Amino acid sequence: MRRSFLLQPLPLAHSTRRAPITATLTVCAALVASTFMATSAFAQTAATASRSYNIAAQPMGDALNTWARQAGVQMSLQAFQVTGKTAPAVQGTLADREALDLLLAGSGLVATQDGNTVVIKADASTTTSTATPSVNMQSVNVTANRLGRITEGSESYTPGTIATATRMVLTPRETPQTISVVTRQEMDDFNLNSIDQVMMHTPAISIVTYDSERTEYYARGFAIQNFQYDGIPMTRNSSYSAGNTLSDMALYDRVEVLKGSTGLLTGSGMPGATINLIRKKPTRKFSGNASVSAGTWNTYRGDVDVGGAVNESGSVRVRGVAAYQDRQSNLDRYSRSTSTLYGILEADIAPGTLLTIGGDFQNNEPKASTWGGIPLLNSKGEFNDMPRSHNNGTNWSHWDQYTRTAFATLEHKFANSWIARLQYNHQINGYDAALGAAASGYPNPADGKGVSMWVGKYVGRTTSDAFDGYVSGPFTLGGREHELVIGGSLSKSRWTNNGYSAPSSYSTTVPDFYHWQGNVAEPVWPSTPSFGNDETTRERGLYAAARWDLNDSTKLITGGRWSSYRNREQGMEESGVFVPYVGAVVDINKNYSIYASYTNIFSPQSNQDMQGRTLAPVEGKNYEAGVKAAFFGDRLNISAAVFELVQDNFAIETSGLTPSGGIAYRAAQGVKTKGYEMELSGQLAAGWQMHAGYSHNISRQQGERVATLTPSNQFSLYTSYKQNALTLGGGARWQDKTWGDISKPTGETIRHTVDSYWLFDAMARYEFSKQLSASIGVKNLFDKKYYTIFNWYSTYTWGEPRSVNLNMNYKF
């Protein structure tokens, strides 16, 4: 049985077990053996596959992107080749190759086939002796990759295409839900090395810090527990954190955050949002970069990223990433080292068939970890205003977390433009925590007495295996071409945890809280666990979605998922659950569209009432409608949305405890959340990128506000401007006041309010050459003091003061 949130940290120590790579390769071999062997390459496909094209006259690069997405192929070109060129309109039912040739006609460009990639290059028969332009020579990948367009090298703060919502590769404007994307360029500009930093840049996402190793992300007032890795769902247990919110960004091309319910692809899930981390992919051309950085609080980091083809034909491509960071902190005595490794291999094993295998590894090893935060009130009931450097942890306290992942994907493109894709993800999230912290009680301002320690040791891990397979492609009905996705998924996740209690003779009394330095002895932990957990969760589902081309301006998406969910240890078993999905997008003109979508909410939960009974699954409805716009060939995206969520069995904490000592909840019916969001991302003018958003949401149950730990109103804006070799940028983030009910020393419950605040950042980068650049970043520029509260235990945690980071990067 799970214990209280306080007694549930998540860590895993120095385990040397690795993900079963051998098993993964065996699975890959089986997939290869069973795949559909293609006999026609692009040249054959392009000659035979026909579809309805409606590509408007526009800049050549945008037109080629549209063609590649519709044809379902990957394209490679040099940016300078299409600069200043315009493609004609191409309309009608045409073979893929015929449509491409019409776009390129008279441009001096031709298309050739290189493995599974279409390469655009100058037509040798028309080439003159004019020197090749010396600027903008980086490769630009225009892809119909089933995860969307790669953002690396795009120099953009907005995505090209995405697939998180429906598995269909669509532009943000074509997707009938709100989605925020932090691209590789935005991460590089603002030195966003952790997922926490990425979430701070994501509009409408708020962060609550529980302690030095544990944060929680919120969207639309609700905690985000659904993570995806390349579209494969993995659920996080935030009480026992094991790496999800410590992910190093060196591995990823972009981070997509799909707002609202995502039951079509994830099965179970809360209605706030789903975070999808898209890994970097190999390139055909050899390239790489290395960087070193140093910053405030003795923060040092180095990383290297190298990849390219390993054979002459480019049919086998690899990429490897390694990063190491060692940092101290504004907190006294605290430090954390993080080591990360990532490797991926892509192979064109047959015409139209792509095999991908890879793995990643991350260790997070902190010292003097905090736990739970600083007591909010002193014994007089006043705010306990401690220095931002105060560390409530003992010197021996640590919450080690690690992840081990192995993954494989097999994809085949048929001659009729249909695609079959099989995916497998094996992931281990582990922890090893021995924790001690002066966090309980109310210190006396006169002598510092009145506080005791929380003490506990926890060792455990979650081992997850997920399979997903689907087919997707066009079909013709009523004289128009539509798109269909049919798939299924199967997952199993086992969580094991051993908890160790300190001996009864161990003193947890803190003699003087105001002179606390963590100098206490570690308990002699028992040789056998004091309690344990062993839970297995199984999910399976079938899903289908169709995008109907009703007319030239109206697209309708209909679909649904049939799911089953089982966790016998928690007494949760649901089968035959149907989650519908309906979305419509209507183009008003070439720039603007209106949309609306509806889906259900379904999420089994482990929360218990005072009798120890598990609450029924959260169920409800998710409505959203809005306007989207795209400008400058989709290089600038703007959206505005209104939404409403209605939930039953929503867990609200009570003042009581469960029989095992955990927080007791009651199931509230008819919890309504209403709000709106606005977002802008992309290029406003040549060299000027921006990512900004504003959000508002309020949740009520019978007229009373709930979900108040996160702000009702938020605003964020991050921007950069590049002129020749110099890039300057900055950002601002504002959030409204938040509050929660806490306990006074008298036992009375009162409301504690955290004031609204602004945070500002700044950055600058100078490129000494095409290879070498240097940058400086400043976070919390004006050194604002702010904090978040953990109201369940009447504690708070300070945000970080101003910090400065210097970085040198070399590309090769």
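**Figure 1. Overview of the protein chain in the predicted model.** Of the 812 residues in the protein chain, 58% are buried. The chain contains eight helices and 47 strands. Among contacts between residues at least 6 apart in sequence, 68% link residues at least 24 apart. The exposed area of the protein chain is about 31,400 Å², of which carbon and sulfur atoms supply 55%.

**Figure 2. An open sheet of five strands.** The strands follow the order 9-15-16-13-14, with mixed pairing. Strand 9 (179-183) and strand 14 (232-235) form the edges, each pairing on one side only. On average, neighbouring strands of this sheet are turned by 20° against each other, direction ignored. Strands of a sheet pair through backbone hydrogen bonds, either parallel or antiparallel.

**Figure 3. Pairing of strand 13 with strand 16.** Strand 13 (residues 226-229) runs in the parallel sense to strand 16 (residues 273-279), and the two pair over four bridges. Within this view, Gln-228 stands opposite Asn-276 of strand 16.

**Figure 4. The surroundings of Gln-325 in strand 19.** Strand 19 spans residues 316-327 and includes Gln-325. Gln-325 counts as buried because its relative accessibility is 16%, and the cut-off for buried residues is under 20%. Leaving aside neighbours within four places in sequence, Gln-325 is in contact with Asn-193, Tyr-300, Arg-301, Arg-336, Ser-337 and Thr-338. With Arg-301, the side chain of Gln-325 also forms a side-chain polar contact of 3.3 Å.

Definitions and conventions
Residues numbered from 1 in each chain as written. Predicted model: local features only at pLDDT ≥ 70, side-chain atom pairs only at ≥ 80, totals over all residues. Heavy atoms only, no water. Buried < 20%, exposed > 50% of the residue type's maximum accessible area, 1.4 Å probe, protein only. Contact = heavy atoms within 4.5 Å. Areas by Shrake-Rupley, 256 points an atom, 1.4 Å probe, with all protein chains shown as cover. Pairing = 2+ DSSP bridges. Axes fitted to C-alpha atoms, helices over the stretch in contact; angles between N-to-C directions. Polar contact = N/O pair within 3.5 Å; in protein donor to acceptor, adjacent residues only side chain to side chain.
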